[in-house]
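User: Please take a close look at one part of this model, the place where the protein meets the DNA, and set it in the context of how the protein chains are put together.

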Number of protein chains: 2
Amino acid sequence: MVDDQILIDNFFGRCEPKLTEQITQHLMPHIKVIRPAKKQIIIRENQTNSFAYFIIQGAARSYYLQNGVEVNTWFAFENEVVGSLRNYNDLPSRETVELLEDSVLIAFNMVGIKPLMLAHLEVSSFVNPVIGDYAAYLEDRLYYTHLRSAHDRFTTIMSQRPEIFNRVSLTHIASFIGVSRETLSRLRAR
Amino acid sequence: MVDDQILIDNFFGRCEPKLTEQITQHLMPHIKVIRPAKKQIIIRENQTNSFAYFIIQGAARSYYLQNGVEVNTWFAFENEVVGSLRNYNDLPSRETVELLEDSVLIAFNMVGIKPLMLAHLEVSSFVNPVIGDYAAYLEDRLYYTHLRSAHDRFTTIMSQRPEIFNRVSLTHIASFIGVSRETLSRLRAR
DNA sequence: GCAATCATTTGATATAAGTCACAAAATCAT
DNA sequence: ATGATTTTGTGACTTATATCAAATGATTGC
């Protein structure tokens, strides 16, 4: 197993612009590596959660309950961030995030990092792009979900996010596309 | 007609935390008040646009073309910001934004403001919440669009965004909810 | 004020997708 | 390995929504 500190150093090493040693020391107390197993839940619907997670290894799904049934809203894989800005603003999450595989994550305690952003331009400049990326990712999600027919959503996601079909069960994908399992099965049969 | 400078002063006056005089002087060259008429387009699909707009007075719709037909994606009113983070990242907009009423807007030239963010913590702290709000707004949009039946989307939007039904034509609303005008008419008749 | 356009409603029919029921295949736990 | 559980596929039938057509109501420009 790779040492936690090496994973964190790697992560900072790939940040642009580079953070000074002093700033990483400020951030360190609010960062930790976790290795949750498959099926573990890292964010719960209707609960506030102060963490954002960067996926070093693994896969996750987001879903919420609608009349008692789970509706999948997105899947995330390596080098993506999961978390909700609602949490960052002290609002409860709309979604539950569950891991689909044994994973390695970096957990950022945003409650601890938020005051550092206001105090240090460098931290602010580090977190901003993450929020920007998150918004871009939401725009992507919106684009996909706004496609009319199940067939359109199926082919678009199939062509633009093929990794989803490689790593996620069809049951989860059906719920995500917004069709019944049976309909997805029939779309695939075409 | 209210003087431009008074509108801008008002806007800054309501910002939290307050900006220093020095910083507002830095921002001023990148801000202007515009008064576009109904039907005017302020952001075009597939074009990069360096501006974000704050609506002082008026209403706007976002839409994109899908097989030649306009699909409405959102409506915005007073005290809301329209713009795309894709523009901010030099990517072309996915949507066209058209005004539904004669409007008064503050236009922020984000290309000019971006370097100020990196140089001044105060500017960074001023723009960050806007990006956060934008992400929260995207999360809202996602929540609505992910509802399964047209009837669910109709009643949810009806109860949570009633102002849309007061100010936007049913034709636009139908396209937004993702149903034909005829179906929306029948949903309303219930 | 009147014609012309645009928005909304209503009816008849067609079609995509849902639901229920069950079989087959794959995966998991002991 | 073997049985148990989960996942995927297929058929019959139902339902929601789209589409086409046409009438009524509301706005807009001249």
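Analyst: Helices here are DSSP runs of H or I with at least four residues, numbered from the N terminus, and this is the numbering used below for a model that is predicted.

With that numbering, α9(A) gives the largest share of the surface near DNA strand D, namely five residues. Both chains take part in this surface, since α8 and α9 (181-189) of chain A and α9 (181-189) of chain B each supply at least two of its residues. In total, 17 residues surround DNA strand D, and the closest are L170(A), T171(A) and R186(A) from one chain and A150(B) and T183(B) from the other. By class, the surface near DNA strand D is made of seven charged, seven polar and three nonpolar residues.

Turning to the DNA side, 49% of the atoms of DNA strand D within 4 Å of the protein belong to sugar or phosphate, while the rest belong to bases. Individual side chains illustrate both kinds of approach. S185(A) places a polar side-chain atom 3.3 Å from a phosphate oxygen of DNA strand D. On chain B, an N or O atom in the side chain of E182(B) is 3.0 Å from a base nitrogen of the strand, and a polar side-chain atom of R186(B) lies 3.5 Å from a base oxygen.

The arrangement of the two protein chains gives the context. A turn of 180° with a shift of 0.1 Å along the axis lays chain A on chain B with an RMSD of 0.1 Å; the two copies are therefore related as by a two-fold rotation axis. Each chain brings 34 residues to the contact between them, and because 100% of the interface residues of chain A are also interface residues in chain B, the copies meet through the same surface.

Between them, chain A and chain B bury about 2,900 Å², of which 56% is on carbon and sulfur atoms. E139(A), L142(A) and H146(A) account for 22% of the area that chain A buries against chain B, more than any other three residues. The elements of chain A that each supply at least two residues to this side include α5 (121-145), α4 (110-119) and α8 (170-177), with α5(A) giving the largest share, 15 residues. In composition, the side of chain A that touches chain B has 15 nonpolar, 13 polar and six charged residues. Across the interface the rule finds zero salt bridges, and two residue pairs are in polar contact, both at pLDDT 80 or more.

Definitions and conventions
Residues are numbered from 1 along each chain as its sequence is written. Chains are lettered from A and ligands numbered from 1 in the order in which they are written. This is a predicted model: local features need pLDDT of at least 70, side-chain atom pairs count only at pLDDT 80 or more; totals for chains, interfaces and linings use all residues. Side-chain values use heavy atoms; hydrogens and water are left out. Copies are superposed by least squares on the C-alpha atoms of residues with pLDDT of at least 70 in both. Contact means heavy atoms within 4.5 Å. Buried area is the accessible area (1.4 Å probe) that two parts lose on being put together, summed over both. A salt bridge is a side-chain nitrogen of Lys or Arg within 4 Å of a carboxyl oxygen of Asp or Glu. A polar contact is a pair of N or O atoms within 3.5 Å; within protein, one must be able to donate a hydrogen and the other to accept it, and residues adjacent in sequence count only if both atoms are side-chain atoms. Ala, Val, Leu, Ile, Met, Phe, Trp, Tyr, Cys and Pro count as nonpolar, Asp, Glu, Lys and Arg as charged, and the others, Gly among them, as polar. A residue is near a molecule or strand if one of its heavy atoms lies within 4 Å of it.
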